[in-house]
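The following exercises are to be worked with the sequence and the 3D structure at hand. Each task is followed by a solution in steps.

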Amino acid sequence: MNFEKTKDFLKVNFFFFVVAIACVVYVIRGFVTIVETGKTIGEIIADGFVSALFGFFISKLLSLQGLAKGEQDPNVIKTNNLHAKTVEKISHKIYQLDEWCEMKNREALKTAQSKKLATAGVAYEDFVKGVYRIITTDGEKFVIERELPKEKLKVVKKARKISLTPLTSSALTSDGGNIVDPYYLGMEKKEYTIKRDGKQLISKIMCGVLFGFYGVKLIADFNVSNLIWTAIQVALFLIMGVISYLQAYFFIVDEYRHRIIKKIDNLEKFDNQTGGNNDIQKLDEVL
């Protein structure tokens, strides 16, 4: 019981601890002055590399912990369970899913192209035929695409180049959108990790170069200056690591979870449009 209370206390006051660490670091900084180390370029690169690598691994480990923690969230577990049940429910007619996905892809492309063409007053039916009705000073006439006025031609070409994320059966049924692109379900965990690692590596290299070029010297020439400077670096890396942890956690409980909800939503549409029934937990119960 006491353990649960302690855990809840730490969870609620987590941000305050991070702020406290940041404040301690800033206070310690007041005991030192920042000076150039006088190191050679080679020494700066070597020290910077070690510092960047250390900071990267701290952020990486905390980020992985954040992903793992997010997957333990009750709402995430409930959403994943509902997705599994939905896949099981439509398994007897999954052979129809590819054809249904192709139909929805055609519908989505038609909708996107129609919206784009409407901005220039071009009918989608004319776009499909390749013959366009326009109004001139001499009245109404029909022209082919290359004879369209410049602005209409520009929009027609853009509409023809529209590319949307295809909806596929594998994406809907496996572990791994937006308004304009309705079937972009969101980032997978692997995609998020690669994107996060790239950003983290750049930031850690910058920190490494900074800490390699600059050092500290105690105002009173106290002999623990290097220890203090190293402690400041570690504290800063921990703060950035905590931020990575929180970003990873909220990615799972928010963005990734809604990715799964979009899959469930599309699978339920497929089931309903192919004569299914709603005999499992409803989607709105996990929203």
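**Exercise 1. Determine which residue forms a salt bridge with Glu140, and classify Glu140 as buried, partly exposed or exposed.**

Solution. Step 1: in this predicted model, the partner of Glu140 is Arg133. Step 2: the closest N and O atoms of the two residues are 3.7 Å apart, and the cut-off for a salt bridge is 4 Å, so the pair qualifies. Step 3: the relative accessibility of Glu140 is 48%. Since exposed means over 50% and buried means under 20%, Glu140 counts as partly exposed.

**Exercise 2. State how many salt bridges the whole structure holds, and examine those of Lys104 and Asp265.**

Solution. Step 1: a search of the whole structure yields 6 salt bridges. Step 2: Lys104 pairs with Glu107, with 3.1 Å between the closest N and O atoms. Both residues belong to helix α5, and because they are 3 residues apart there, about one helical turn separates them. Step 3: the two partners are classified by accessibility. Lys104 has a relative accessible area of 11% and is therefore buried, whereas Glu107, at 37%, is partly exposed.

Step 4: Asp265 pairs with Lys269, and their closest N and O atoms are 3.6 Å apart. Both lie in helix α10 (residues 225-273), where a spacing of 4 residues again corresponds to about one turn of the helix. Step 5: Asp265 is partly exposed, with a relative accessible area of 29%, and Lys269 is partly exposed at 37%. Step 6: a network of salt bridges links Lys89, Lys93 and Asp271.

**Exercise 3. Check whether the end-to-end distance of helix α5 agrees with the span expected from its residues, and list its buried residues.**

Solution. Step 1: helix α5 covers residues 97-118, which is 22 residues. Step 2: at 1.5 Å a residue, it should span 32 Å; the expected span uses one less than the number of residues. Step 3: the end C-alpha atoms are 31 Å apart, so the two values agree. Step 4: the buried residues of α5 are Leu97, Trp100, Cys101, Lys104, Asn105, Ala108, Ala112, Gln113 and Leu117.

**Exercise 4. Describe the largest nonpolar core: which residues touch the most other members, and which elements contribute two or more residues?**

Solution. Step 1: the core has 13 residues, and those touching the most other members are Leu117, Val122, Phe127, Tyr132, Val143, Leu148 and Val156. Step 2: two or more residues come from each of α6 (124-129), β2 (131-136) and α7 (150-161). The greatest contribution is that of α7, with 4 residues. Step 3: consider the surroundings of Tyr132. Leaving aside residues up to four places away in sequence, Tyr132 touches residues including Val122, Phe127, Val143, Leu148 and Val156, as well as Asp126, Lys141 and Arg160. Step 4: a second, separate core has 11 residues, among them Leu67, Val76, Tyr256 and Ile260.

In soluble globular proteins, nonpolar side chains tend to be buried together.

**Exercise 5. Locate the nonpolar surface patch that contains Phe57, and give the overall burial and surface of the protein.**

Solution. Step 1: the patch consists of Phe49, Leu53 and Phe57, which together have about 310 Å² of accessible area. Step 2: Phe57 lies in helix α3 (residues 41-71). With a relative accessible area of 45%, Phe57 is partly exposed. Step 3: for the protein as a whole, 36% of the 287 residues count as buried. The accessible surface comes to about 17900 Å², and 62% of that belongs to carbon and sulfur atoms.

How values were computed
Residues numbered from 1 in each chain as written. Predicted model: local features only at pLDDT ≥ 70, side-chain atom pairs only at ≥ 80, totals over all residues. Heavy atoms only, no water. Buried < 20%, exposed > 50% of the residue type's maximum accessible area, 1.4 Å probe, protein only. Areas by Shrake-Rupley, 256 points an atom, 1.4 Å probe, with all protein chains shown as cover. Core = buried A, V, L, I, M, F, W, Y, C linked by side-chain atoms within 4.5 Å. Contact = heavy atoms within 4.5 Å. Salt bridge = Lys/Arg side-chain N within 4 Å of Asp/Glu carboxyl O. Patch = residues over 30% accessible without salt bridge, like charges linked within 9 Å, V, L, I, M, F, W, Y side chains within 5 Å.
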